[in-house]
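The following exercises concern a single protein chain. Please work through each task with the sequence and model in view before reading its solution.

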Amino acid sequence: MTGNEPPQQRVSPAPQATRQETGDAAFTLYQALDEAGLGDIYPILDDGKDVPSIKLHGIDAEQATRLGHLVRKGMDESYSLAEELRRALLAHGLDGFPVPQVCGAKIALGEVSIPTADRLACVLGAPSGPELDEAPDWPESSEVFDRLKAALKATDVGVFVDMWLHSYCRRCEGDPAIELGSIKVDIARRFVKALENAARP
């Protein structure tokens, strides 16, 4: 060390659940399954390892199907909202926007072309920018990125959306694009509302 490096911080490992906590969690899961009509599925505490865990033993095909249906039913809101977002984007002619996908507790937005990002920024209230070249280069792409980021932020959505600008790639001849990360369900709802409140073409 030269003396200029910042001191290394020791990261403490996340605390592990105790046997009692894991057992309580297994019982809570059983209660939820029982209330949903799946009381014949028994979560079992497995503390034969260093870290106690919960296993579902002896699930047959019928039980697995019912459990899968229950999980999907609990995600109905996410799937419904992803479809609402898709329709709201199409209503503004943004057919170049990828279909929003449910990914766990979030909705993945995906990668958009620079022209599509430019149109989305305008839909959300950004002033029109200069006409884009057929294959926008870095300065134009960067300007569109900034405009879209500001437009999303103005709708109280952008601060919750991770964004990355991918420049033109000579190796793969890929056009520049803007990648939008995944957003939580409540943020997706705000996005839908912002699109619905925007003036239609």
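**Exercise 1. Cysteines**

C103 has a relative accessible area of 48%, so this residue counts as partly exposed, a class that lies between buried (under 20% relative accessible area) and exposed (over 50%), with a 1.4 Å probe and protein chains only. The model is predicted: local features need pLDDT of at least 70, side-chain atom pairs count only at pLDDT 80 or more, and totals for chains, interfaces and linings use all residues. Residues are numbered from 1 along each chain as its sequence is written, and side-chain values use heavy atoms, with hydrogens and water left out.

Task: classify C122 by its accessibility, and state how many disulfides are counted.

Solution. Step 1: C122, with a relative accessible area of 29%, is partly exposed. Step 2: a disulfide is a covalent bond between the sulfur atoms of two cysteines; the criterion applied here is a pair of cysteine sulfur atoms within 2.5 Å. Step 3: by this rule, the count is zero disulfides.

**Exercise 2. The chain as a whole**

Task: describe the order of helices and strands in the chain, and state what share of its residues is buried.

Solution. Step 1: helices (H or I, at least four residues) and strands (E, at least two) are DSSP runs, numbered from the N terminus. Step 2: the chain has six helices and six strands, in the pattern α-β-β-α-α-β-β-α-α-β-β-α along the sequence. Step 3: 30% of the 201 residues count as buried. Step 4: a contact means heavy atoms within 4.5 Å; of the contacts between residues at least 6 apart in sequence, 54% join residues at least 24 apart.

**Exercise 3. Helix α1**

Task: determine which residues of α1 are buried and what they pack against.

Solution. Step 1: the expected span of a helix is 1.5 Å times one less than its number of residues. For the 17 residues of α1 (residues 19-35) this gives 24 Å, in agreement with end C-alpha atoms 24 Å apart. Step 2: T22, A26 and L33 are buried in α1. They cover an arc of only 45° around the axis, which puts them on the same side of α1; the arc is that of the directions from the helix axis to the C-beta atoms. Step 3: Q20 and E35, on the other side of α1, are exposed. Step 4: the buried residues of α1 pack against β1 (43-46), β2 (53-56) and α2 (61-74). Step 5: just after α1, G37 has a positive phi of about 85°.

**Exercise 4. Helix α3 and T116**

Task: explain why the buried residues of α3 line one face, and place T116 in the model.

Solution. Step 1: in α3, the buried residues are S78, L81, A82, L85, A88 and L89. Seen down the axis of α3, they fall within an arc of 125°, so they line one face of the helix. Step 2: an α-helix has 3.6 residues a turn, so residues three or four places apart point the same way. Step 3: the partners of these buried residues of α3 are β3 (101-103), β4 (106-113), α4 and α6 (185-197). Step 4: T116 lies in α4 (residues 114-123) and is buried at 3% relative accessibility. Residues up to four places away in sequence aside, T116 touches L94, G96 and F97.
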